[in-house]
Amino acid sequence: MEAGVKLGMRSIPIATACAIYHKFFCEIDLDAYDPYLVAMSSLYLAGKVEEQRLRTRDIINVSNRYLHPDSEPLELDSRFWELRDSIVQCELLVLRVLRFQVSFQHPHKYLLHYLLSVKNWLNRYSWQRSPVSITAWALLRDSYHGGLCLRFQAQHIAVAVLHLALQAYGVEVPAEAEAEKPWWQIYTMDTEIP
């Protein structure tokens, strides 16, 4: 995620890279492949999938700086070209292991919609005095550090991070106590969050 941010990637391509990375290691033993090489290949592949192309050289330099903070950028020597070839070969391996299924439905669009809806339900003062939206986005970003994005539906993740953000600041949805069902079931089509 840090490398994606440093490369100037948008949220969705970073989320796709994380999902590719986690899905790959769900299929393959973590000790079988270098996780840093898989991470670089995931960034490269996610850039292609989400149409935010990245130069391999940039991925290598950012990753090298992350792994070796005091080192200089790699020269265009044999070591660089070997690493570049490894990223490309690993990308092909990742595609084969994932059976070319590298398109994901992310919770970002759902969270945006849910935030706008909840903002309209709440009074302006309670919305402005608490950073619910900032917290919900941060929780969503943090959810990609693990395999949560693969285990649950996108709309369930979105409503869960919103619910947690509301609870963290003690913000109550109006008329929730009088309602027949919890407010979040509106967004999950009457299914419960597992």
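How accessible is arginine 84, and does arginine 84 count as buried, partly exposed or exposed? Arginine 84 has a relative accessibility of 28% and therefore counts as partly exposed. The model in which this value was computed is a predicted one, and the report below moves from the chain as a whole, through its two domains, to a few residues and the pairs they form.

## The chain as a whole

The protein chain has 10 helices and zero strands, so that reading along the sequence gives the pattern α-α-α-α-α-α-α-α-α-α. Along the principal axes, the C-alpha atoms of the protein chain fill a box of roughly 70 × 35 × 30 Å. The protein chain holds 194 residues, and buried residues make up 43% of them. When contacts in the protein chain between residues at least 6 apart in sequence are considered, 72% of these contacts join residues at least 24 apart.

## Two domains and the area between them

The protein chain is divided into two parts, domain 1 covering residues 1-98 and domain 2 covering residues 107-189. Taken over C-alpha atoms, the centres of domain 1 and domain 2 are separated by 31 Å. Nine residues from domain 1 and eight residues from domain 2 take part in the contact.

About 660 Å² of area is buried between domain 1 and domain 2, and carbon and sulfur atoms give 83% of that area. On the side of domain 1, the residues that lose the most area to domain 2 are Met1, Ala15 and His22, which together account for 62% of what that side buries.

What kinds of residue does domain 1 bring to this contact? By class, the side of domain 1 that touches domain 2 has six nonpolar, two polar and one charged residues. Between domain 1 and domain 2 there are two residue pairs in polar contact, while the number of salt bridges found across the interface is zero.

## Salt bridges

The count of salt bridges comes to five, and the table gives three pairs, with the separation of nitrogen and oxygen atoms in each.

| Pair | N to O distance |
|---|---|
| Glutamate 91 and lysine 48 | 2.9 Å |
| Arginine 55 and aspartate 58 | 3.1 Å |
| Arginine 84 and aspartate 85 | 3.9 Å |

Which parts of the chain does the pair of glutamate 91 and lysine 48 tie together? Glutamate 91 lies in helix H5 (residues 78-97) and lysine 48 in helix H3, so this pair links parts that are 43 residues apart in sequence. Glutamate 91 has a relative accessible area of 5% and is therefore buried, whereas lysine 48, with a relative accessible area of 29%, is partly exposed.

In the pair of arginine 55 and aspartate 58, arginine 55 counts as exposed because its relative accessibility is 52%, and an exposed residue is one over 50%. Its partner aspartate 58 has a relative accessibility of 28% and counts as partly exposed. Arginine 84, the residue of the opening question, meets aspartate 85 through their side chains, and aspartate 85 counts as partly exposed at 44% relative accessibility.

## Threonine 16

Threonine 16 is found in helix H2 (residues 11-27). Is threonine 16 buried or exposed? With a relative accessibility of 0%, threonine 16 counts as buried, because buried means under 20%. The side chains of threonine 16 and glutamate 50 are joined by a polar contact of 2.7 Å. Leaving aside neighbours within four places in sequence, the residues in contact with threonine 16 are Ala46, Val49, Glu50, Val102, Phe104 and His106.

## Glutamine 52

Where along the chain is glutamine 52 placed? Glutamine 52 is in the loop between helix H3 (35-49) and helix H4 (56-67). Although glutamine 52 belongs to a loop, its relative accessible area is 13% and it is therefore buried. The side chain of glutamine 52 reaches the backbone nitrogen of arginine 10 at 3.0 Å. Once neighbours within four places in sequence are left aside, glutamine 52 is in contact with Gly8, Met9, Arg10, Pro13 and Gly47.

A second glutamine, glutamine 128, is 76 residues from glutamine 52 along the chain, and the C-alpha atoms of glutamine 52 and glutamine 128 are separated by 34 Å.

Note on methods. Residues are numbered from 1 along each chain as its sequence is written. This is a predicted model: local features need pLDDT of at least 70, side-chain atom pairs count only at pLDDT 80 or more; totals for chains, interfaces and linings use all residues. Side-chain values use heavy atoms; hydrogens and water are left out. Domain bounds come from an automatic or database domain assignment. Contact means heavy atoms within 4.5 Å. Buried area is the accessible area (1.4 Å probe) that two parts lose on being put together, summed over both. A salt bridge is a side-chain nitrogen of Lys or Arg within 4 Å of a carboxyl oxygen of Asp or Glu. A polar contact is a pair of N or O atoms within 3.5 Å; within protein, one must be able to donate a hydrogen and the other to accept it, and residues adjacent in sequence count only if both atoms are side-chain atoms. Ala, Val, Leu, Ile, Met, Phe, Trp, Tyr, Cys and Pro count as nonpolar, Asp, Glu, Lys and Arg as charged, and the others, Gly among them, as polar. Helices (H or I, at least four residues) and strands (E, at least two) are DSSP runs, numbered from the N terminus. Buried means under 20% relative accessible area, exposed over 50%, partly exposed in between (1.4 Å probe, protein chains only).
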